[in-house]
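Me: Please take a close look at one part of this model, the place where two helices pass each other. Then go on to the other parts and connect them in one answer.

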Amino acid sequence: MQVSMPFSPDQASSYSGQVDSLFAFLCVLTILFGTVITLLIIYFAIKYRRRHKDEIPGQVEGSMKLEVLWSVIPFLIAMGIFVWGANIYYTMYHAPSEALDIYVVAKQWMWKFQHLDGQREINELHVPLGRKVKITMTTEDVIHSFYVPAFRIKLDVVPGKYSTVWFEATKPGRYHLFCAEYCGTGHSRMIGWVEVMEASEYQAWLAGGAAEGSLASSGEKLFQQFACITCHRSDGQGRGPVLQGLFGKEVPLQNGGKVIADESYIRESILSPRAKVVAGFQPIMPTFQGQVSEEQLLQIVAYIKSIGAKAPGEAGVSNPNAPAPAMKPPSQ
Ligand code: CUA
């Protein structure tokens with residue numbers, strides 16, 4: 001069921017109709033209950049008004065039937081709303097694995113976007129039509145909020161972590177992008193556009209930029225520049241864990257716990273290497289806090305992702321020079 005609300009922005013993402021349906025349901029429900037209760041209040045006020053000065057009302061005993069009825073019905077309605085909302089929430093915040101990655105760094109007062117092929121843009125985001133896009137966001141300073149009304153997306157971007165959300169644009173066009181969290185004097189200027197293009201146009205647009213090489217290859221350069229490669233060797237002889245084939249896998253930790261090697265874990269391991277030490281390794285890695293920018297961190301993450309878990313025979317995401325996973329001894 002997809003409902004379009006009057007006065008609401010374009011429905012331009014795959015789940016915007018579902019969000020609107022839930023919103024419409026909540027509005028109808030609120031109006032319905034609000035009207036019924038208001039009318040009853042007026043009706044009872046008139047019906048049971050005091051008619052003469054010494055009138056004493058008769059005693060009203062409780063009614064079990066009524067009590068149960070007006071407890072159970074709202075409970076069922078509330079649970080229905082909960083399940084419905086949770087379902088949409090789950091859809092929105094679990095990015096499909098085949099989604100196209102786009103990285104976002106917010107700062108006072110702009111949105112910086114990085115595409116896998118190396119294109120960067122500010123306050124302007126180009127995305128292909130009909131393709132799932134996963135956005136991984138962080139901020140250099142304070143909290144911002146990524147808000148694209150036409151996609152029904154609003155997600156806080158919080159310092160020190162990655163926030164992710166995905167969408168699939170279903171209608172070509174230009175859509176407003178806002179910052180929806182008051183972030184300082186330039187907050188109202190922290191706006192931009194999302195441009196949804198046909199797949200072929202998008203390809204042409206991609207081909208037009210990218211003088212600097214792919215995001216992963218920039219990450220690889222940093223990997224060498226910061227000498228990560230001396231410890232994280234692909235042959236398993238280094239003092240740090242092998243990173244080839246790591247991304248998306250479960251990592252056993254020194255303290256007996258486990259963690260999935262996702263974007264946030266890699267970020268944390270670069271900035272606070274002692275937070276989660278891999279089982280069998282010493283906590284000898286220095287922190288890179290203050291030495292790498294958020295954009296560089298995302299490039300390194302993209303690099304580690306590109307040498308990460310790949311299906312056999314599949315080419316690198318966008319980095320043909322990355323060492324193939326075959327370089328590590330066969331595991332499992
Ligand atoms: Cu950024 Cu408001």
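Reply: In this predicted model, helix 1 and helix 2 pass each other in a left-handed crossing. Helix 1 covers residues 16–47 and helix 2 covers residues 64–93. Their axes come within 10 Å and cross at roughly 160 degrees. An angle over 145 degrees counts as roughly antiparallel, and therefore helix 1 and helix 2 are described as roughly antiparallel to each other.

The strands come next. One open sheet is formed by 5 strands in the order 3-2-1-5-8, with mixed pairing. Its edge strands are strand 3 (120–122) and strand 8 (163–168), each of which pairs on one side only. On average, neighbouring strands of this sheet are turned by 25 degrees against each other, direction ignored. Inside the sheet, strand 1 (residues 100–107) and strand 2 (residues 110–115) run antiparallel and are joined by 6 bridges. One residue pair can be picked out here: valine 104 has phenylalanine 113 in strand 2 as its bridge partner.

Another open sheet also has 5 strands, in the order 4-10-9-6-7, and its pairing is mixed. Strand 4 (124–128) and strand 7 (153–157) are the edge strands, and each pairs on one side only. In this sheet, neighbouring strands are turned by 20 degrees against each other on average, direction ignored. Strand 6 (residues 144–148) and strand 9 (residues 173–179) run antiparallel, with 2 bridges joining them. Tyrosine 147 stands opposite phenylalanine 178, which belongs to strand 9.

Some single residues remain. Serine 306 is part of helix 7, which spans residues 294–306. With a relative accessible area of 2%, serine 306 counts as buried, because the cut-off for buried is under 20%. The side chain of serine 306 reaches the backbone oxygen of tyrosine 303 at 2.7 Å.

Two cysteines can be set against the same scale. Cysteine 183 has a relative accessible area of 5% and is therefore buried. Cysteine 27 has a relative accessibility of 24%, so it counts as partly exposed. As for disulfides, the structure holds 0.

To return to the part you asked about: the crossing of helix 1 and helix 2 is left-handed, and the two helices are roughly antiparallel.

Methods: Residues numbered from 1 in each chain as written. Predicted model: local features only at pLDDT ≥ 70, side-chain atom pairs only at ≥ 80, totals over all residues. Heavy atoms only, no water. Helix = DSSP H or I, 4+ residues; strand = E, 2+ residues; numbered from the N terminus. Buried < 20%, exposed > 50% of the residue type's maximum accessible area, 1.4 Å probe, protein only. Polar contact = N/O pair within 3.5 Å; in protein donor to acceptor, adjacent residues only side chain to side chain. Pairing = 2+ DSSP bridges. Axes fitted to C-alpha atoms, helices over the stretch in contact; angles between N-to-C directions. Disulfide = S-S within 2.5 Å. Parallel < 35°, antiparallel > 145°, perpendicular 65-115°, else oblique. Left-handed = near helix turned anticlockwise from the far one by under 90°.
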